[in-house]
Structure formats: structure tokens, C-alpha cells
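Open the model in a viewer and keep the sequence panel beside it. The stops below say what to select and what is there.

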Amino acid sequence: MSFTTIQLDHDLLKLYLNIYPEMIKNGSPDYNSINGIFGNQARWYGLKQNEKLLAFCTIGILDDKVFLYNVGVDPNSRGRGFGSILLDCIVKKYGDKDIFLFVKKENRIAIKLYRKFNFEYIDNAFAPPIGELCFVRMKNII
Ligand SMILES: CC(C)(COP(=O)(O)OP(=O)(O)OC[C@H]1O[C@@H](n2cnc3c(N)ncnc32)[C@H](O)[C@@H]1OP(=O)(O)O)[C@@H](O)C(=O)NCCC(=O)NCCS
């Protein structure tokens with residue numbers, strides 16, 4: 001199992017659009033929304049097993065704040081701990097900073113995953129999209 005930086009190449013895009021089909025606009029990937037406000041500064045990370053991409057996420061950094069988004073695990077590999085391994089790697093790498101994320105309020109599996117890594121709901125922070133909640137993991141949590 002390896003945790004590495006990855007590029008938004010064909011393999012990643014295929015898996016990404018499988019998980020986030022709403023990012024296809026007029027038949028094409030909506031790269032502006034996929035990379036989000038961080039544009040080409042967005043850092044993509046992947047979890048691979050035997051070169052197969054199993055999970056990915058995006059990190060954006062603004063001042064001393066880290067934003068985590070686009071978290072996804074291959075639908076055929078869910079419930080086997082890969083989301084947790086990915087979060088563990090992100091927390092180890094960026095846990096010296098506050099990490100923020102948005103999650104849809106009905107996405108209880110993702111919320112369970114985030115709570116497991118000490119993310120907590122914070123009210124109205126950074127104006128999340130409608131129907132989403134903002135969570136933060138404060139830096140240096142033991
Ligand atoms: C959310 C997601 C990343 C979780 O990935 P995963 O690899 O299945 O996660 P894990 O196997 O590490 O499980 C994480 C926790 O969720 C729980 N969980 C996983 N699948 C579950 C299910 N089907 N029902 C209930 N709980 C579940 C596990 O019990 C685990 O907690 P535990 O280890 O304390 O028992 C994955 O479901 C996914 O890609 N969802 C679609 C994209 C998405 O919603 N991303 C988040 C956007 S904010």
C-alpha cells in the first residue's frame with residue numbers, strides 16, 4: 001500500500017467522475033469545480049495497491065489552514081478501511097495545522113470517518129454550500 005501525490009490523470013479522473021458524476025457538465029469534466037478554489041495549487045493524494053488507485057483526496061492550503069476535499073474510495077473497495085488509511089496519512093502529514101472540510105449532512109459514513117479522526121462540526125464556518133456542514137480537526141490533537 002502506498003500513499004503518494006498523484007496527478008489528475010486519466011485513471012484518477014475516471015474514478016473521480018465515477019464517484020462524483022455531478023462534476024460532469026455538458027458531457028465534459030468541470031475542471032474548475034473539481035480543483036475548486038485552489039485551482040492548479042490543489043494537491044492530489046492517492047492510496048494505491050499494486051499500482052491500482054483505491055482512494056484519493058485533494059488538499060488546499062491557505063495561510064495556516066488546510067482544506068480537505070474530494071475524498072473518495074473506489075466503490076468496489078469501500079468498508080475495508082481504505083478511507084481510514086487515507087485519513088490517517090493526511091492527518092499525519094497535515095495534523096500540525098487545522099484541517100477544514102465540508103460534508104453533506106446526510107453523508108453519515110463520511111461523517112463517521114471524519115469523527116474517527118477527531119474532526120468536529122463547527123457552525124457556519126467558511127459558509128459551506130447549502131446542505132453541507134463544516135468540520136474542523138484542530139491542530140496537534142493527541
Ligand atoms: C466516505 C468514504 C470515503 C469512506 O471510505 P471507506 O474506505 O468505506 O471507509 P472505511 O472503510 O475506512 O470506514 C470508515 C468508517 O465508516 C464506517 N463505514 C464504512 N462503510 C460503512 C457502511 N456501509 N455503513 C456504515 N458504516 C460504514 C466504518 O465502520 C468505519 O468506521 P470504523 O472503522 O470505526 O468501524 C467512502 O464511502 C466514499 O468514497 N464515499 C463516496 C464519496 C464521499 O462521500 N466522500 C466524502 C465527501 S465529504
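## Starting stop: β7 and its partners

Select K104 and E132: E132, in β9, is the bridge partner of K104. The numbering to use starts from 1 along each chain, as its sequence is written. The model is predicted, so local features are given only at pLDDT of at least 70 and side-chain atom pairs only at pLDDT 80 or more, while totals for chains, interfaces and linings use all residues.

Strand and helix names follow DSSP runs, numbered from the N terminus: helices are H or I with at least four residues, strands are E with at least two. Now select residues 98-104 and 132-137, which are β7 and β9. These two strands run antiparallel and are joined by six bridges. A further pair to mark here is F100 and V136, which stand opposite each other, V136 being in β9.

Turn to the other neighbour of β7 by selecting residues 65-73, strand β6. β6 and β7 run parallel, with three bridges between them. V66 has I99 in β7 as its bridge partner.

Add residues 82-94, helix α3, to the selection. With α3 shown, β6, α3 and β7 make a right-handed β-α-β unit. Right-handed here means that, with the strands pointing away from the viewer, the path from the first strand over the helix to the second runs clockwise.

## The whole sheet

Colour the strands in turn and read across: β1-β4-β5-β6-β7-β9-β8 is the order of an open sheet of seven strands with mixed pairing. Two strands count as paired if DSSP finds at least two bridges between them. Which strands lie at the edges? They are β1 (2-6) and β8, each of which pairs on one side only.

At the β8 edge, β8 and β9 run antiparallel and share two bridges. Select Y121 to see F135 of β9 standing opposite. Elsewhere in the sheet, β4 and β5 are joined by seven bridges and run antiparallel. L47 stands opposite A55 in β5.

## The nonpolar core

Select A55, F56, C57, L68, L86, I90 and L101, the residues with the most contacts inside the largest nonpolar core, which has 26 residues. A core of this kind is a set of buried Ala, Val, Leu, Ile, Met, Phe, Trp, Tyr and Cys residues joined through C-beta atoms within 7 Å. The elements that each supply at least two of the core residues are α1 (10-19), β4, β5, β6, α3 and β7. β5 gives the largest share, six residues.

Keep L86 selected: L47, A55 and C57 are in contact with L86, leaving aside residues up to four places away in sequence. Contact means that the C-beta atoms, placed from the backbone, lie within 7 Å.

## Around the ligand

Show the ligand and select V73, R78, G83, S84 and A110, which come nearest among the 18 residues around the ligand. A residue belongs to this shell if its C-beta atom, placed from the backbone, lies within 6 Å of the ligand. β6, α3 and α4 are the elements that give two or more residues to the shell, and α4 gives the most, with five.

How do the shell residues divide? Eight are nonpolar, six polar and four charged. In this count Ala, Val, Leu, Ile, Met, Phe, Trp, Tyr, Cys and Pro are nonpolar, Asp, Glu, Lys and Arg are charged, and the others, Gly among them, are polar.

## Two loop residues

Most residues other than glycine have a negative phi. Select E51, in the loop between β4 (43-49) and β5 (52-62): E51 is not a glycine, yet has a positive phi of about 70°. Is E51 buried or exposed? E51 counts as exposed because 7 C-beta neighbours lie inside 10 Å. The cut-offs, with C-beta atoms placed from the backbone, are 20 or more other C-beta atoms within 10 Å for buried, 12 or fewer for exposed, and partly exposed in between.

Next select N118, in the loop between α4 (108-116) and β8 (120-121). N118 also has a positive phi of about 70° without being a glycine. N118 is partly exposed because 16 other C-beta atoms lie within 10 Å.

## Last stops: P29 and C89

Select P29 in strand β3 (residues 28-29). P29 touches L13, L17, M23, I24 and I34, not counting residues up to four places away in sequence. P29 is partly exposed, as 15 other C-beta atoms lie within 10 Å.

Finish in helix α3 with C89. C89 and T4 are 85 residues apart in sequence, and their C-alpha atoms are 9.6 Å apart. With 18 C-beta neighbours inside 10 Å, C89 is partly exposed.

Key
Two residues are in contact if their C-beta atoms, placed from the backbone, lie within 7 Å.
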